[in-house]
Each structure stands twice: as C-alpha cells, then as structure tokens.
Amino acid sequence: MMLRNIEFEGPFEMGVKAPESAGLYLVCTESSGGIRILGVYDADNIDQSLASNEFKEKWVECTDMGLFYYYSEMDIPSYRREEKIQDIISTRPYDVLCVKPIKDDW
C-alpha cells in the first residue's frame, strides 16, 4: 500500500512476525469506508515495538472488525520517521485514536 509517498508492506495479521529493523508501522482495522488507521508508530525494531506497544489494549477496544498491520522499513533517523508519522496523522479525515498527542515544546 502506498500512503503519503511511503510504500507499506502488508496487510499482516496480528501475531505474524514483523521485521526486526527500523521503520514505521500502521495498526489498522476495517471500517465502512475501507481501512481505518488506529495508530502510526516509529520503531528501531518494528517487531519488538509491535509486540510491546502501549496501545495494544486500546486497539482491541477500538474495533470488533479485526486488527492487522502494515510496515515500512526505513533506515533514516528517528526524527525523520516522526515527521512522516505526523504527516500521516494530520492528513487523515478522522482522528487517529491510538497515538500520543503532539507535545507543545514552547
């Protein structure tokens, strides 16, 4: 799937091992409008992050349609991956529910 000029592999069912490399991953569910993104995350190890994500329980609360994920391996600094996350979140026509809000640094 191509999203905001990023190629994501998937979909994969939860429990299917993800790469142990750096990148982004999307946790999604089905909705009446197609695929709904519940969370977008940056990880130095996608598989480890997916397994220990603090929003795991909330993902289940947000859907009864099943969960799946997509990933994109990226060998770029974390701050650049974070910029891409914010771009994805800010361009959704709905709230992405399972992410931490942006901190106001000033």
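1. Let's start with the layout: the chain carries three helices and six strands. Following the sequence from its start, the order is β-β-β-β-β-α-α-β-α. Keep in mind while reading that this is a predicted model.

2. On overall dimensions, the radius of gyration of the chain is 13 Å, and a compact globule with 106 residues would come out near 13 Å, so the two agree. The C-alpha trace spans about 35 × 30 × 25 Å along its principal axes. Of the 106 residues, 42% count as buried.

3. How much of the contact set comes from residues 24 or more positions apart? Among contacts in the chain with a separation of 6 or more, such pairs account for 70%.

4. Now the surface and the charges. About 6600 Å² of the chain is exposed, and carbon and sulfur atoms supply 48% of that area. The chain has 11 positive and 20 negative charges, and the mean positions of these two sets are 3 Å apart.

5. Arginine 81 deserves a look. The residue sits in helix H3, which runs over residues 78-90. Is arginine 81 buried or exposed? Its relative accessibility is 2%, and because the cut-off for buried is under 20%, arginine 81 counts as buried.

6. What does arginine 81 touch, leaving aside its neighbours within four places in sequence? The contacts are Ala22, Gly23, Leu24, Asp42, Ala43, Asp44, Met74 and Ile76. Take leucine 24 from that list: leucine 24 and arginine 81 are 57 residues apart in sequence, yet their C-alpha atoms are 7.0 Å apart in space.

7. Asp42 is also one of those contacts, and here the side chains are involved: a polar contact of 2.3 Å joins arginine 81 and aspartate 42. If you're going through the geometry yourself, that's the pair to pull up alongside the burial value of 2% for arginine 81.

8. Next, some backbone geometry. Most residues other than glycine have a negative phi, and most peptide bonds are trans. Against that background, a few spots in this chain are worth checking by eye.

9. Which peptide bond is cis? The one from glycine 10 to proline 11, where omega is near 15°. Proline 11 belongs to strand E3, covering residues 9-13.

10. Two neighbours have positive phi values without being glycine. Arginine 4 has phi near 55°, and asparagine 5 has phi of about 65°. Arginine 4 is in the loop between strand E1 (2-3) and strand E2 (6-7), and asparagine 5 is also found in the loop between E1 and E2.

11. How exposed are those two? Arginine 4 has 40% relative accessibility and therefore counts as partly exposed. Asparagine 5 is at 78%, so it counts as exposed; the cut-off for exposed is over 50%.

12. Last stop: threonine 63, in the loop between helix H2 (56-61) and strand E6 (67-73). At 17% relative accessibility, threonine 63 counts as buried, because buried means under 20%. Where does its side chain find a polar partner? A polar atom of the threonine 63 side chain lies 2.8 Å from the backbone nitrogen of methionine 65.

Key. Residues numbered from 1 in each chain as written. Predicted model: local features only at pLDDT ≥ 70, side-chain atom pairs only at ≥ 80, totals over all residues. Heavy atoms only, no water. Helix = DSSP H or I, 4+ residues; strand = E, 2+ residues; numbered from the N terminus. Buried < 20%, exposed > 50% of the residue type's maximum accessible area, 1.4 Å probe, protein only. Contact = heavy atoms within 4.5 Å. Polar contact = N/O pair within 3.5 Å; in protein donor to acceptor, adjacent residues only side chain to side chain. Rg over C-alpha atoms; globule rule 2.2 N^0.38 Å. Areas by Shrake-Rupley, 256 points an atom, 1.4 Å probe, with all protein chains shown as cover. Lys, Arg positive; Asp, Glu negative; His and termini not counted. Charge placed at Lys NZ, Arg CZ, Asp CG, Glu CD.
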